[in-house]
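The following exercises concern helix packing, a pocket and backbone geometry. Each task is followed by a solution in steps.

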Amino acid sequence: MNTLTDKAFTLAANSRGLGFSLTRLGLIIVLVWIGALKIYKYEADGIVPFVANSPVMSFFYKYPAPDYTKHMNPEGALVPANRAWHEANHTYTFALGLGAVIVLYGLMIALNPWLPQVAAVGSALVVIMSLTTLSFLVTTPESWVPSLGDSEHGFPLLSGRGRLVVKDFIMLGAAWVTMADSAATYLRKRAR
C-alpha cells in the first residue's frame, strides 16, 4: 500500500511542469476571452458599478455613482434610453480600452516560450490588475447581498457581482505563479 501511495505522490510531484502550463494556458484563455467580451455592450454595462464606485477608476466615466443605478440593463435586455445614457457616460469607450489592455496582458503571457521576460511583465501587470479588481469588494456596494427585507444580507454574503470579483484571488495566484516561472525561464536563458 505504501508503494502505491508513494507512486501516486511521485506522479503528482513530477507533474509540476504540467501544472505551470495549465495555469498559464488557463490565465491566457480567461484574459483573452474576458477582454474580448468588452466589445459587447452587455459586458460593458456589467462593469459600470465597479468602475463608477472605484476611487481609482471613476474618472473614466462622465456621471458619478450612483447615477448608473437608474440606467442598468439586465443581460440580454435592450433599453434604448439606458443605452444612450451609457454612450454619454463613456461606458463603451472605456470598456473597449479596458478590453484591449486585458487581451494585451493575455497575449504577453502567451509569449512565454519565445520572450519569457515579456510574459513575466504581463503576469506582473495581471497581479496589479487583480489587486485593483479585488479592491471592488470594498468600494462597490453591489458586491454584497443588499438589504431588501431578508435578514441574510451584507458582509460576508457575496452577491453575483461579488462572486465575480472574488475569483480574482485565483487570478492573482495564477499570475504570480506564471510571473515567477517566466522570470526563472528568462534568467536561465540569459545565463547560457
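## Exercise 1: Helix 2 and helix 6

Helix 2 and helix 6 are roughly antiparallel to each other. The model is a predicted one.

**Task.** Establish the geometry behind this relation, and describe the contact of helix 2 with helix 6.

**Solution.**
- Step 1. The two axes, of helix 2 and helix 6, cross at roughly 160° and come within 7 Å. Angles over 145 degrees count as roughly antiparallel, and therefore helix 2 and helix 6 are assigned to that class.
- Step 2. The crossing of helix 2 with helix 6 is left-handed.
- Step 3. On the side of helix 2, the contact is made by Arg24, Leu27, Ile28, Leu31, Val32, Gly35 and Ala36. Helix 6 contributes Gly99, Ile102, Val103, Tyr105, Gly106, Leu107, Ile109 and Ala110.
- Step 4. By class, this contact of helix 2 with helix 6 holds 11 nonpolar, three polar and one charged residue.

## Exercise 2: Helix 6 and helix 7

**Task.** Determine how helix 6 and helix 7 cross, and which residues meet there.

**Solution.**
- Step 1. The axes of helix 6 and helix 7 come within 7 Å, with a crossing angle of roughly 140°. This angle makes helix 6 oblique to helix 7.
- Step 2. Helix 6 and helix 7 have a left-handed crossing.
- Step 3. From helix 6, Ile102, Tyr105, Met108 and Ile109 take part. They meet Val118, Ala119, Val121, Gly122, Ser123, Leu125, Val126 and Met129 of helix 7.
- Step 4. The contact of helix 6 with helix 7 comprises 10 nonpolar and two polar residues, and no charged ones.

## Exercise 3: Helix 2 and helix 10

**Task.** Characterise the packing of helix 2 (residues 16-37) against helix 10 (residues 168-191).

**Solution.**
- Step 1. The axes of helix 2 and helix 10 lie 9 Å apart, at an angle of about 120°. Helix 2 is thereby oblique to helix 10.
- Step 2. The crossing of helix 2 and helix 10 is left-handed.
- Step 3. Helix 2 places Phe20, Thr23, Arg24, Leu27, Val30 and Leu31 in the contact, and helix 10 places Met171, Ala174, Ala175, Val177, Thr178, Asp181 and Ser182 there.
- Step 4. Eight of the residues in the contact of helix 2 with helix 10 are nonpolar, three are polar and two are charged.

## Exercise 4: The largest pocket

**Task.** Describe the volume of the largest pocket, and state which elements supply its lining.

**Solution.**
- Step 1. The volume of the largest pocket is about 850 Å³.
- Step 2. The pocket is lined by 36 residues, of which Lys38, Ile47, Leu98, Ile102 and Thr133 are the closest to its centre.
- Step 3. At least two lining residues come from each of helix 2, helix 3 (41-46), helix 4 (48-53), helix 6 (91-110), helix 7 (116-134), helix 9 (160-166) and helix 10. Helix 6 provides the largest share, six residues.
- Step 4. The lining of the largest pocket is made up of 24 nonpolar, five polar and seven charged residues.

## Exercise 5: Backbone geometry

**Task.** Identify which peptide bonds are cis, and locate the residue with phi near 75°.

**Solution.**
- Step 1. Most residues other than glycine have a negative phi, and most peptide bonds are trans.
- Step 2. Ala65 and Pro66 are joined by a cis peptide bond with omega near 5°. Pro66 lies in the loop between helix 4 and helix 5 (80-89).
- Step 3. The peptide bond between Phe155 and Pro156 is also cis, with omega about 5°. The loop between helix 8 (136-139) and helix 9 holds Pro156.
- Step 4. His90, a residue other than glycine, has a positive phi, near 75°. His90 is located in the loop between helix 5 and helix 6.

Note on methods. Residues are numbered from 1 along each chain as its sequence is written. This is a predicted model: local features need pLDDT of at least 70, side-chain atom pairs count only at pLDDT 80 or more; totals for chains, interfaces and linings use all residues. Side-chain values use heavy atoms; hydrogens and water are left out. Axes are lines fitted to C-alpha atoms, for helices over the stretch in contact, and angles run from 0 to 180 degrees between N-to-C directions. Helices (H or I, at least four residues) and strands (E, at least two) are DSSP runs, numbered from the N terminus. Angles under 35 degrees count as roughly parallel, over 145 as roughly antiparallel, 65 to 115 as roughly perpendicular and the rest as oblique. A crossing is left-handed if the near helix is turned anticlockwise from the far one by less than a right angle, and right-handed if clockwise. Contact means heavy atoms within 4.5 Å. Ala, Val, Leu, Ile, Met, Phe, Trp, Tyr, Cys and Pro count as nonpolar, Asp, Glu, Lys and Arg as charged, and the others, Gly among them, as polar. On a 1 Å grid over the protein atoms alone, a cavity is a set of points where a 1.4 Å probe fits but cannot get out, and a pocket is an open set with protein on both sides within 12 Å along at least five of seven lines; lining residues have an atom within 4 Å of a point. Grid points are joined across faces, edges and corners, and a volume is the space filled by probe spheres set on the points.
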